[in-house]
Amino acid sequence: MDLKTIFICVVFTSFFNIIFLFFVRHTRERYSGVDFWIISIVFLILGYFLLIARGKIPDFFSIIIAQSFFYFAMILRIIGIKIFFGEKYIKKLIFAFLIIFLAYLGVLLFFRYITDSILIRTATIGILLSSLSIYSAVIMFRNKPDNNYFPYVFMALLFILFSFTFLLRIFSWFLFPDIRELFNNSILNSFQFLLNIGIEISWTFMFFIINNQILNSDLFVSEAQKKAILD
């Protein structure tokens, strides 16, 4: 399967994830954060559309804007996770992410229009997105309960695996320059983006499971408190 086909599969998978999350949002009680995930998926879809059009539209859109969409998709997902778990200091985190984005944007612009280097651009993109993915895994580990923690650990491990494949891809690009082309059908390139599909599907269903677990836990606590008052 060529990479453009995989990108199209990612877009369709993400689209159905949005439908599923909208259904959950409007039909079931849920915790805050889901709106950020829905917007993050929209950003992801826009980024992949621009990647698919690489070579047919100006590089500014297929490289700079596309990677900006991917960056903000990751940021919105992290913010959504932190809000979902009720973590603090969101405003400070958003400010830090904006500062990082400005530096990131500067690097992409410099190594495209001043010194054109696909290797440095890809390394920068990979290291940053891998770091954000690891941070997502840390949040999941940090908030896992003492019991029924499999969905949390599973998602954290998926984020770590995604980060690992990104870094492995960068390392391979240093060793094998012939696979640096975006649409090169190397095994590593295909595996990374197929993993994206797995993460998108898994994350949506894990959200549903985790949301239900927290709702059931709160219901149990509420029932226990009610029983204590009656006793």
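**Packing of helices H4, H5 and H6 and a nonpolar surface patch**

H4 passes H5 in a crossing that is left-handed. The model is a predicted one. Helix H4 comprises residues 90-114, and its axis lies 9 Å from that of H5, at a packing angle of about 160°. Angles over 145 degrees count as roughly antiparallel. H4 is therefore roughly antiparallel to H5.

H5, which spans residues 118-142, also packs against helix H6, residues 150-175. The angle between H5 and H6 is about 165°, and their axes are 8 Å apart. This angle makes the two helices, H5 and H6, roughly antiparallel. The crossing of H5 and H6 is left-handed. Sorted by class, the residues in the contact of H5 with H6 are 22 nonpolar and six polar, with no charged residues.

H6 also takes part in a nonpolar patch on the surface. The members of this patch are Leu-161, Phe-164, Leu-168, Phe-171, Phe-174, Leu-175, Phe-176 and Phe-191. Together, these residues have about 790 Å² of accessible area. H6 gives the most to the patch, contributing six residues. Phe-174, one of the patch residues, is located in helix H6. Helix H6 thus appears both in the contact with H5, where 22 nonpolar residues are found, and in the nonpolar surface patch.

Terms used:
Residues numbered from 1 in each chain as written. Predicted model: local features only at pLDDT ≥ 70, side-chain atom pairs only at ≥ 80, totals over all residues. Heavy atoms only, no water. Axes fitted to C-alpha atoms, helices over the stretch in contact; angles between N-to-C directions. Helix = DSSP H or I, 4+ residues; strand = E, 2+ residues; numbered from the N terminus. Parallel < 35°, antiparallel > 145°, perpendicular 65-115°, else oblique. Left-handed = near helix turned anticlockwise from the far one by under 90°. Nonpolar A, V, L, I, M, F, W, Y, C, P; charged D, E, K, R; others polar. Patch = residues over 30% accessible without salt bridge, like charges linked within 9 Å, V, L, I, M, F, W, Y side chains within 5 Å. Areas by Shrake-Rupley, 256 points an atom, 1.4 Å probe, with all protein chains shown as cover. Salt bridge = Lys/Arg side-chain N within 4 Å of Asp/Glu carboxyl O.
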